[in-house]
Amino acid sequence: IFKNIKELNAIIDAKEYDAIYCHQNFISWIPLLIAKRKRIKVRIVHSHGCNPPKTITKKLYNGSSRMLIKLFATHFFACGQAAAHWLYGPHWKENGTKKKIIHNAIDLDKFAFSKETRQKLRKKYNVTKDLCIFHAGRFSYEKNHKFILDLFSKLPKEGYHLFLAGHGDLYPDMVKYSKKLKLENVTFLGIRKDVNELYSMADVFLLPSFHEGFPVTLVEAQASSLKCIASTNVSKETKILPKTKYLSLEDTNSWLEEIKNTDRKDRRTERKRLIESGFDIQKESDMFYHLLKEIVNK
């Protein structure tokens, strides 16, 4: 921590900065404090998380850090309402340029549904007749991969295939758990650079997370016009398409019914709705540029 503070001081002393922009959640108060001492007038903090504290110690730490952040920051941004309330408190709400939601926008063209890509990948994985269930995410506790595997084990053995993209600490455990359940039609894809294409191959996307700040994968999946089912722990701010569902993790039957009732032919582009929702990277980056310019000029 002391080496970090020393190096932050050195970086800030190297030039005359107009602004400092922190993405470190509850530890952001440290660079914000340094920036205030160095008389940097614009000090922005941006929240990306949403992990409710589970211990009294963590609650106390978060509470004290929140007060310090409010003391040292000048502007308070977040990727969504849940992330904003997590870092800044339940009373936070958008207010001009001082408090702002900045969407985790994406390249809509890159994630657009492709019939040719769908046919190519389904042929490659020999799933031309199967209903393909897809999840992309880090193999960590909050993503709840065990729920996905348990759910898949309750589906008929014929006609369904599960694809899991990503890696992480729990990857080996989930591979073992899959073998324990004797699941045959499960493919662990590991880290992939073609996730945008895998969305086109799939029929339904699952996100049964215990908690999320603002999951970009859910936006990407909807950009591909893919049917999405997320847990009720995921903020409904992520709902772009009408067919996106939010279900309780306690009600596995509803998850199973939604998967079984998936219409594989219901794949259409909904570009206008996606652009209007504020998740187009071109539109959002232009807004963000002018926002920062206005803040610094003031």
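In the predicted model, strand 2 (residues 42-47) is paired with strand 3 in the parallel sense, the two being joined over four bridges. Within this pairing, isoleucine 44 has histidine 75 of strand 3 as its bridge partner. Helix 12 (residues 281-297) packs on the sheet to which these strands belong, where it touches strand 1, strand 2, strand 3 and strand 4, and its direction makes about 170° with that of strand 3.

The sheet as a whole is open and is formed by four strands in the order 1-2-3-4, with parallel pairing. Its edges are occupied by strand 1 (19-22) and strand 4 (99-101), each of which pairs on one side only. From one strand to the next, the twist averages 20°.

Aromatic contacts were examined next. With ring centres required to lie within 6.5 Å of each other, the count comes to 16 aromatic pairs. In one of these pairs, the rings of phenylalanine 76 and tyrosine 88 have their centres 5.4 Å apart and their planes at 80°, and the pair is therefore edge-to-face, given that planes over 60 degrees apart are assigned to that class. Because phenylalanine 76 lies in strand 3 (residues 75-78) and tyrosine 88 in helix 4 (residues 81-88), the pair ties together parts that are 12 residues apart in sequence. Both phenylalanine 76 and tyrosine 88 are buried. Elsewhere, Phe111, Phe134, Tyr199 and Phe205 are linked by ring pairs into a cluster.

Helix 7 (residues 171-180) was considered with respect to the burial of its residues. Tyr171, Met174, Tyr177 and Ser178 of this helix are buried, and because these residues cover an arc of only 120° around the axis, they are placed on the same side of helix 7. The cover over the buried residues of helix 7 includes helix 6 (145-153) and strand 7 (186-190). By contrast, the face of helix 7 that is turned away from the buried side carries Lys176, Lys179 and Lys180, which are exposed. Just after helix 7, lysine 182 adopts a positive phi of about 60°.

Terms used:
Residues numbered from 1 in each chain as written. Predicted model: local features only at pLDDT ≥ 70, side-chain atom pairs only at ≥ 80, totals over all residues. Heavy atoms only, no water. Phe/Tyr/Trp six-rings, centres within 6.5 Å; stacked < 30°, edge-to-face > 60°. Buried < 20%, exposed > 50% of the residue type's maximum accessible area, 1.4 Å probe, protein only. Pairing = 2+ DSSP bridges. Axes fitted to C-alpha atoms, helices over the stretch in contact; angles between N-to-C directions. Contact = heavy atoms within 4.5 Å. Arc of directions from axis to C-beta.
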